[in-house]
Structure formats: C-alpha cells, structure tokens
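This report describes how selected helices, side chains and rings are arranged in a single protein chain. Please read it alongside the sequence and coordinates shown below.

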Amino acid sequence: MNLFGLNLQTLLGRAFFLLAIMPIHEYAHALVAEKMGDTTARYNGRLNLNPFSHLDPFGTILILLTGFGWAKPVPINSNNFYDRKKGIFCTSLAGPAANIILALVVMIIYKLLFRFGLYSVLGFIFPIVLTMIQTSVYLAVFNLLPVPPLDGWNMLSVFLPYDSYYKVLAYQNQISMIFFVLIMFTNIITTPLSYLAGFIIMFLDKITFFI
C-alpha cells in the first residue's frame with residue numbers, strides 16, 4: 001500500500017503517534033499548567049489522554065502526510081499562574097519536552113527487545129518504531145519554532161517587551177499563514193528542521209549506547 005509516497009508502516013507509525021503520543025504532548029501542557037496554578041484545561045476536558053479531545057483535523061492530516069503538524073491548543077489562562085511568565089514558559093516547554101522523552105523511551109524499549117533477541121518481532125516493528133521516534137522528535141522541534149501560535153513563540157513571548165509582543169500579535173494570522181504555506185510548499189523550513197531532528201535522534205541514540 002502506498003499513499004502520497006508513504007508506505008503502510010510509515011502511515012501506521014504516524015497514526016499510532018496521533019492516537020497514543022500526540023495526546024501525551026497535550027496532556028503534558030495541561031498537567032504542567034495545572035501544577036503552575038491554572039485549571040482551565042481540566043475544566044475544558046483537556047487534562048486527559050483521549051486523542052479525540054486533542055486532535056485538530058487539519059493538523060492531523062498534515063502529520064499523516066508530512067510528519068509535521070499540530071493538535072488543538074490546550075486552553076490556558078495565564079492570569080491564574082502563580083508566576084505568570086514562569087507558568088507560560090514551563091507550560092509551553094512541557095509538550096516538546098514530553099515528545100523528546102517519549103522518543104527516548106521508545107528507543108530504549110526497542111534496544112531492549114533487540115538485546116533479548118526478539119528479532120522476529122523487531123523485523124516488522126522497526127519501521128513503525130523508527131517513524132514514531134522521528135515523528136515525535138520532529139513534532140518537538142516544529143513546536144519549538146518561535147512562530148505564533150507554536151510553543152516556541154509562547155516561550156519567547158515572556159522575554160519580549162510588551163510593544164513588540166503586541167505588534168507580533170497584530171499580525172499573528174498573516175505570519176502563521178505565510179509560515180504554513182512555506183511548510184506545505186517549500187523546503188525552506190522543513191529541511192533545516194529535519195537536520196535538527198536528525199541530530200537530536202542521533203544524540204538520543206548515543207546516550208542509550210549502554211543498552
């Protein structure tokens with residue numbers, strides 16, 4: 001089976017990512033927000049691991065076809081944070097950090113299976129595991145870009161002067177549209193993101209050398 005140049009195992013890996021790993025990204029945002037004093041996510045039914053609470057239709061299609069995409073943003077009221085700037089920064093960082101940790105855990109599990117000699121299982125699941133690791137790291141890198149409404153922008157925003165922050169907000173929709181057009185139709189952004197994600201995956205591989 002081949003859809004848009006993607007094989008079945010790649011699609012299965014990305015589908016599993018959407019159903020099992022993407023919700024953890026959003027749950028991490030919601031959980032850290034609550035720890036920082038804001039319960040908005042809980043009251044909006046987003047403090048859970050149900051994928052259908054978190055998936056954005058267009059972002060989901062993008063992930064299936066390109067490996068890059070997004071979920072519905074977790075609702076946050078920064079006025080509820082004990083420390084507003086720290087709350088915004090930590091809550092925004094939580095999602096990408098969860099993706100990196102998950103990629104590391106999946107890599108460790110795969111290496112353990114290899115060590116125990118379960119080669120018949122590994123032969124089939126290797127492409128799926130590889131896709132899960134790649135997509136998880138790609139999502140982390142993608143979300144760390146300082147472009148609204150991504151997590152990287154929210155993290156950067158706490159350091160910006162108010163006038164600069166509101167100037168960007170005034171053009172947020174235009175900036176986002178240009179950014180996503182570049183993602184969809186050029187390699188200007190996707191190529192360097194792929195290199196950075198590849199470097200992170202190599203780093204995770206190096207630090208798990210002992211397994």
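Two residues are taken to be in contact when heavy atoms of theirs lie within 4.5 Å. The model discussed here is predicted.

**A buried asparagine in helix 5**

Under that contact criterion, and not counting residues up to four places away in sequence, Asn99 touches Phe17, Ile21, His25, Ser136, Leu139 and Ala140. Asn99 has its place in helix 5. Is Asn99 buried or exposed? Its relative accessible area is 0%, and because the limit for a buried residue is under 20%, Asn99 is classed as buried.

**Helix packing around helix 1**

Two packed helices are described by the angle between their axes and the distance between the axes. The following table gives these values for two pairs that involve helix 1.

| Helix pair | Axis approach | Crossing angle |
|---|---|---|
| Helix 1 (residues 8-35) and helix 5 (residues 84-115) | within 7 Å | roughly 145° |
| Helix 1 and helix 4 (residues 57-66) | within 8 Å | roughly 140° |

Helix 1 and helix 5 cross in a right-handed sense. On the helix 1 side, the contact is formed by Phe17, Ile21, Ile24, His25, Ala28, His29, Val32 and Ala33. Helix 5 contributes Cys90, Thr91, Ser92, Ala94, Gly95, Pro96, Ala98, Asn99 and Leu102. How many charged residues does the contact of helix 1 with helix 5 have? There are no charged residues in this contact, which has eleven nonpolar and six polar residues.

The crossing of helix 1 with helix 4 is right-handed. Here Leu11, Arg14, Ala15, Phe17, Leu18 and Met22 of helix 1 meet Thr60, Ile63, Leu64, Leu65 and Thr66 of helix 4. By class, this contact has eight nonpolar residues, two polar residues and one charged residue. Phe17 belongs to the helix 1 residues that meet helix 4, and Phe17 is also listed in the contact of helix 1 with helix 5.

**Salt bridges**

Side chains of opposite charge can pair when their charged atoms come close. The model has two salt bridges. In one of them, Glu34 pairs with Arg42, and the closest N and O atoms are 2.7 Å apart. Arg42 is partly exposed, at 45% relative accessibility.

The other pairing joins Asp205 to Lys111, with 2.6 Å between the closest N and O atoms. Which parts of the chain does the pair of Asp205 and Lys111 tie together? Asp205 lies in helix 10 (residues 190-207) and Lys111 in helix 5, so the salt bridge ties together parts that are 94 residues apart in sequence. The two partners fall into separate accessibility classes: Asp205 is partly exposed at 38% relative accessibility, whereas Lys111 is buried, with a relative accessible area of 17%.

**Aromatic pairs and neighbouring residues**

A pair of aromatic rings is described by the distance of the centres and the angle of the planes. There are five aromatic pairs in the structure. One of them is formed by Tyr165 and Tyr166, which are 5.1 Å apart from centre to centre. Their planes make an angle of 75°, and the arrangement is edge-to-face. Ring pairs also link Trp153, Tyr162, Tyr165 and Tyr166 into a cluster. Tyr165 is partly exposed, with 21% relative accessibility.

Tyr165 is also a contact of Ser157, as is Ile88, once neighbours within four places in sequence are left aside. Ser157 lies in helix 7 (residues 151-157) and is buried at 12% relative accessibility. Ser164 is found in helix 8 (residues 162-170) and is partly exposed at 28% relative accessibility.

**A cis peptide bond and two long separations**

Most residues other than glycine have a negative phi, and most peptide bonds are trans. The peptide bond from Pro148 to Pro149, by contrast, is cis, with omega near 10°. Pro149 lies in the loop between helix 6 and helix 7.

Phe124 belongs to helix 6 (residues 119-143), and its relative accessibility of 48% makes this residue partly exposed. The C-alpha atoms of Phe124 and Leu55 are separated by 27 Å, and these residues are 69 residues apart along the chain. For Ser164 and Ile61, which are 103 residues apart along the chain, the C-alpha atoms are separated by 33 Å.

Definitions and conventions
Residues are numbered from 1 along each chain as its sequence is written. This is a predicted model: local features need pLDDT of at least 70, side-chain atom pairs count only at pLDDT 80 or more; totals for chains, interfaces and linings use all residues. Side-chain values use heavy atoms; hydrogens and water are left out. Axes are lines fitted to C-alpha atoms, for helices over the stretch in contact, and angles run from 0 to 180 degrees between N-to-C directions. Helices (H or I, at least four residues) and strands (E, at least two) are DSSP runs, numbered from the N terminus. A crossing is left-handed if the near helix is turned anticlockwise from the far one by less than a right angle, and right-handed if clockwise. Ala, Val, Leu, Ile, Met, Phe, Trp, Tyr, Cys and Pro count as nonpolar, Asp, Glu, Lys and Arg as charged, and the others, Gly among them, as polar. Buried means under 20% relative accessible area, exposed over 50%, partly exposed in between (1.4 Å probe, protein chains only). Rings of Phe, Tyr and Trp (its six-membered ring) pair if their centres lie within 6.5 Å; planes under 30 degrees apart count as stacked, over 60 as edge-to-face and the rest as tilted. A salt bridge is a side-chain nitrogen of Lys or Arg within 4 Å of a carboxyl oxygen of Asp or Glu.
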